[in-house]
Structures are given as structure tokens and as C-alpha cells.
Amino acid sequence: MAINPQLQSRCNNSCELCSAENVELQAYAVPPKSNDSIDNVVALCPDCYSKITESDYSDANYWRCLEGSIWSEVPSVQALSYKLLGKLSAEEWATETIESVALDEAVVLWANAEDELEASKLVHKDSFGVVLATGDNVILTQNLNIKGANFIASKGTMVRKIRLVPDNDEQIEGKIEGHTIVILTKYVRKAV
Ligand SMILES: [Zn+2]
């Protein structure tokens with residue numbers, strides 16, 4: 001499947017991430033945007049395409065190409081590069097690259113949009129499996145040693161107006177004696 005001539009000329013017939021030439025390029029829409037505009041897509045070689053669609057980031061060295069592609073002038077390429085660098089945050093070069101670029105806020109939002117959408121699908125449940133929501137009141141089901149604040153919150157303590165930790169369904173945040181702390185959902189039950 002040939003890519004559209006406009007995209008072909010933008011990418012100069014090479015992969016917009018790894019610069020591979022003489023390969024069959026495919027247009028990849030950077031989520032959550034769709035394929036309907038050239039501004040939403042990145043021209044990818046088969047290797048980059050399959051690694052991304054299979055979420056295979058095991059070969060960190062392969063992705064050193066992102067150190068170059070992040071400097072592209074094309075927002076979709078910036079967003080995809082930024083997003084992939086985020087998946088490689090265990091690599092020092094990847095975090096350094098992220099820190100060295102100043103991207104438009106809109107590009108960063110775009111890059112993070114899919115993960116945030118995933119996070120918003122997480123369901124937080126208390127120790128009895130009851131679904132929790134931000135603003136709920138909960139009761140501690142055991143004594144908790146509050147590290148840092150140096151006190152023990154006793155079983156039965158009411159924690160009002162909790163907040164759900166967006167990227168971790170086992171954690172909520174709440175205030176106990178004026179300290180905002182992270183509490184594991186398995187140590188609370190929803191107050192009714
Ligand atoms: Zn490539």
C-alpha cells in the first residue's frame with residue numbers, strides 16, 4: 001500500500017523515525033488521532049511500524065533513532081518520538097533526550113493522551129471490592145504507619161474526600177491529620 005504523495009514528499013521516502021530508505025512505508029496515525037489527515041500521521045518503515053503496534057520496546061538500542069527524530073519539525077513525529085522515549089525511561093539517554101527538547105505543550109498533550117485515556121479506565125476498589133470514586137470517604141481497615149510524618153493512623157480512622165491516583169488502581173490519596181498521604185486501596189473500606 002503506497003502512502004499518499006504529500007506524505008511521501010514530507011518524509012523524503014524514508015522512515016520518519018529511523019530514516020530507513022528503500023522500504024515500504026506505512027502511514028501510522030499517532031493515537032488518539034485518526035488517519036484522516038497527513039498532520040496526524042508518521043511515515044514508518046515495517047520495523048518501526050511493527051514494534052510500535054506490538055508495543056515491543058525490548059531492544060532499547062534500536063530506538064536510539066529517536067534522539068534524532070525528536071528534533072523533527074513535524075508535530076506528529078515529535079509527538080510519537082516523545083511518547084516512545086517515555087516508554088524507554090529506564091534508559092538514561094532517553095530521559096536526557098526528553099529533558100533536552102522543548103516541545104509545544106500541545107505536542108506533549110498529544111503524546112500523553114493515549115496513556116491518560118488508559119489510566120482513566122482504571123477502576124479503584126476497596127478491600128471489599130467496592131468501587132471507589134474521587135470525593136468518597138473511606139475508613140482504614142488496619143493501623144497504618146505513616147512514614148515521613150512519623151505517626152500511626154489507627155484502624156477505623158475516617159479519611160474524607162479521597163482522590164484516586166490516576167495511573168495506579170491500588171492507590172488513593174487522602175488527608176490524615178493534615179498530611180496528604182498515599183494509601184493502598186486494600187487497607188480501606190468505603191464509608192457509607
Ligand atoms: Zn523506521
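Which residues are buried in helix α2 (residues 46-53)? Select that helix and look for C48, Y49 and K51, because these three residues are buried there. Keep in mind throughout the tour that you are looking at a predicted model.

**Stop 1: around helix α2**

Keep α2 selected and add strands β1 (26-29) and β2 (41-44). The buried residues of α2 pack against β1 and β2. Now look just past the helix: α2 is followed by S55, and the phi of S55 is positive, near 50 degrees.

Next, turn to the two strands themselves. β1 and β2 are antiparallel partners, paired over four bridges. To find your place in the pair, click on A27, which stands opposite A43 in β2. Show the side chains of β2 and you can sort them by direction: V41 and A43 point one way, while V42 and L44 point the other way. V41, A43, V42 and L44 are all buried.

**Stop 2: the loops on either side of β1**

Follow the chain through the loop between β1 and β2, where you will find P32. Zoom in on the link between P31 and P32: the peptide bond here is cis, with omega at about 0 degrees.

Now go back to the loop between α1 (5-11) and β1, and select N12. N12 is not a glycine, yet its phi is positive, at about 60 degrees. Is N12 buried or exposed? N12 counts as exposed, because it has 10 C-beta neighbours inside 10 Å, and 12 or fewer is the cut-off for that label.

Select N13 as well, in the loop between α1 and β1. N13 also has a positive phi of about 60 degrees without being a glycine. With 14 other C-beta atoms within 10 Å, N13 is partly exposed.

**Stop 3: two packed helices**

Two packed helices are described by the angle between their axes and the distance between the axes. Try this with helix α4 (residues 75-87) and helix α6 (residues 105-119): they pack at an angle of about 50 degrees, and their axes are 8 Å apart. α4 and α6 are therefore oblique to each other. Their crossing is right-handed.

Show the side chains at the contact. From α4, pick P75, Q78, A79, Y82 and K83; from α6, pick V107, V108, W110 and A111. Colour them by class and you should get seven nonpolar residues, one polar and one charged.

**Stop 4: the sheet β6-β3-β10**

Which strands stand at the edges of the open sheet with the order β6-β3-β10? Select the three strands, which pair in the antiparallel sense. The edge strands are β6 (158-159) and β10 (188-190); each has a single partner strand, so one side of each is left without a neighbour in the sheet.

Look at β3 (residues 138-140) beside β6: two bridges join these antiparallel strands. One landmark is I139, whose bridge partner in β6 is M158.

Stay with this sheet and select K190, in strand β10. K190 has 18 other C-beta atoms within 10 Å and is partly exposed. Now add L132: K190 and L132 are 58 residues apart along the chain, but their C-alpha atoms are separated by 7.0 Å. Leaving aside neighbours within four places in sequence, the contacts of K190 are D126, V130, L132, D136 and V138.

**Stop 5: the sheet β7-β8-β9**

For the last stop, select another open sheet of three strands, with the order β7-β8-β9 and antiparallel pairing. Here β7 (163-164) and β9 (179-184) stand at the edges with a single partner strand each, so one side of each has no neighbour in the sheet.

Trace the chain from β7 to β8: these strands form a hairpin with six residues between them. Two bridges join the antiparallel strands β7 and β8, and L164 stands opposite I172 in β8.

How many residues lie between β8 and β9 in their hairpin? There are two, and E177 in the turn has a positive phi of about 50 degrees. Strand β8 (residues 171-176) pairs with β9 in the antiparallel sense over six bridges. End your tour by selecting Q171 and its bridge partner in β9, L184.

Definitions and conventions. Residues are numbered from 1 along each chain as its sequence is written. This is a predicted model: local features need pLDDT of at least 70, side-chain atom pairs count only at pLDDT 80 or more; totals for chains, interfaces and linings use all residues. A residue is buried if 20 or more other C-beta atoms lie within 10 Å of its own, exposed if 12 or fewer, and partly exposed in between; C-beta atoms are placed from the backbone. Two strands pair if DSSP finds at least two bridges between them. Axes are lines fitted to C-alpha atoms, for helices over the stretch in contact, and angles run from 0 to 180 degrees between N-to-C directions. Angles under 35 degrees count as roughly parallel, over 145 as roughly antiparallel, 65 to 115 as roughly perpendicular and the rest as oblique. A crossing is left-handed if the near helix is turned anticlockwise from the far one by less than a right angle, and right-handed if clockwise. Two residues are in contact if their C-beta atoms, placed from the backbone, lie within 7 Å. Ala, Val, Leu, Ile, Met, Phe, Trp, Tyr, Cys and Pro count as nonpolar, Asp, Glu, Lys and Arg as charged, and the others, Gly among them, as polar.
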